[in-house]
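Here are my notes on the model you sent, set out as numbered points. Please read them with the structure open beside you.

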Amino acid sequence: MATRRKQRQERQEEDGMDEGMEMETENPIEMLKEDHQAVQDLFSRFEEADNRSRQRIADEALMMLEIHAKLEEDVVYPAIREGVGDDEMIDEALEEHHVATMLIKELHKMKPKDERYAAKFKVLSEMVRHHIEEEENETFPQAEKADIDWSEVGREATKMREKLMRKMGGGQQRKKAA
């Protein structure tokens with residue numbers, strides 16, 4: 001989990017906010033960039049880890065990718081599609097998500113000691129790194145210039161992230177891993 005987001009959650013917990021209370025709304029582009037950095041860090045840690053550690057690292061990376069993709073697909077991309085008007089750019093991003101989702105499903109069925117697990121995870125990481133580069137260098141700069149209500153998109157994304165993390169058990173896992 002990104003450090004800034006973790007610190008904000010810890011402050012809210014200290015202030016007595018429970019799961020039913022809404023977290024502070026984030027800038028959705030910054031939230032996604034923080035996710036990008038966190039998952040890239042996990043990819044690097046996976047490459048250097050032994051087989052015992054790889055399972056935990058991979059599980060965390062896959063969960064982060066699933067949550068991140070859902071936020072983009074359901075909240076952020078529709079806003080960008082409407083605000084920027086570049087259907088081809090968003091369609092390509094969605095197809096990259098589709099391929100990543102297929103790899104994630106296959107990885108969920110495997111163990112790190114399986115014959116092609118490390119190779120499959122490496123392909124996923126390379127593809128995601130390419131996707132991140134396109135988003136941060138092309139998609140996000142165009143989106144930031146567009147007439148998009150980022151505070152509303154941020155509220156929707158924050159609410160969805162909270163729901164997905166509770167559903168996937170990520171709130172506890174990510175705290176322990178961070």
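1. In this predicted model, the lining of the second largest pocket draws at least two residues from each of α2 (28-48), α3 (51-84), α4 and α5. The largest share, seven residues, is supplied by α3, and the pocket has a volume of about 290 Å³.

2. Of the 20 residues that line this second largest pocket, Leu 65, Glu 66, Ala 69, Thr 101 and Ile 104 lie nearest its centre. By class, the lining is made up of nine nonpolar, five polar and six charged residues.

3. How do α4 and α5, two of the helices that contribute to that lining, pack against each other? Helix α4 (residues 87-108) meets helix α5 (residues 117-145) at an angle of about 160°, with the axes 10 Å apart, and because angles over 145 degrees count as roughly antiparallel, α4 is described as roughly antiparallel to α5. The crossing of these two helices is left-handed. Among the residues making the contact are Ala 93, His 97, Ala 100, Leu 103 and Ile 104 of α4, together with Phe 121, Leu 124, Met 127, His 131 and Glu 135 of α5. The contact of α4 with α5 comprises 12 nonpolar, five polar and six charged residues.

4. The axes of α3 and α5 come within 12 Å and cross at roughly 30°, which makes α3 roughly parallel to α5, and this crossing is also left-handed. On the α3 side the contact includes Arg 54, Ala 58, Leu 62, Leu 65 and His 68, while on the α5 side it includes Tyr 117, Phe 121, Leu 124, His 131 and Phe 140. There are 14 nonpolar, four polar and three charged residues in the contact of α3 with α5. Leu 65, one of the residues nearest the centre of the second largest pocket, thus also takes part in the contact between α3 and α5.

5. For α3 and helix α6 (residues 150-168), the packing angle is about 155° and the axes are 10 Å apart; the two helices are therefore roughly antiparallel to each other, and their crossing is right-handed. Contributors to this contact include Met 63, Glu 66, Ile 67, Leu 71 and Val 75 of α3, and Trp 150, Val 153, Met 160, Arg 161 and Leu 164 of α6. Here the classes are 14 nonpolar, no polar and five charged residues. Glu 66, which contacts α6 as part of α3, is also listed among the residues nearest the centre of the second largest pocket.

Notes: Residues are numbered from 1 along each chain as its sequence is written. This is a predicted model: local features need pLDDT of at least 70, side-chain atom pairs count only at pLDDT 80 or more; totals for chains, interfaces and linings use all residues. Side-chain values use heavy atoms; hydrogens and water are left out. Axes are lines fitted to C-alpha atoms, for helices over the stretch in contact, and angles run from 0 to 180 degrees between N-to-C directions. Helices (H or I, at least four residues) and strands (E, at least two) are DSSP runs, numbered from the N terminus. Angles under 35 degrees count as roughly parallel, over 145 as roughly antiparallel, 65 to 115 as roughly perpendicular and the rest as oblique. A crossing is left-handed if the near helix is turned anticlockwise from the far one by less than a right angle, and right-handed if clockwise. Contact means heavy atoms within 4.5 Å. Ala, Val, Leu, Ile, Met, Phe, Trp, Tyr, Cys and Pro count as nonpolar, Asp, Glu, Lys and Arg as charged, and the others, Gly among them, as polar. On a 1 Å grid over the protein atoms alone, a cavity is a set of points where a 1.4 Å probe fits but cannot get out, and a pocket is an open set with protein on both sides within 12 Å along at least five of seven lines; lining residues have an atom within 4 Å of a point. Grid points are joined across faces, edges and corners, and a volume is the space filled by probe spheres set on the points.
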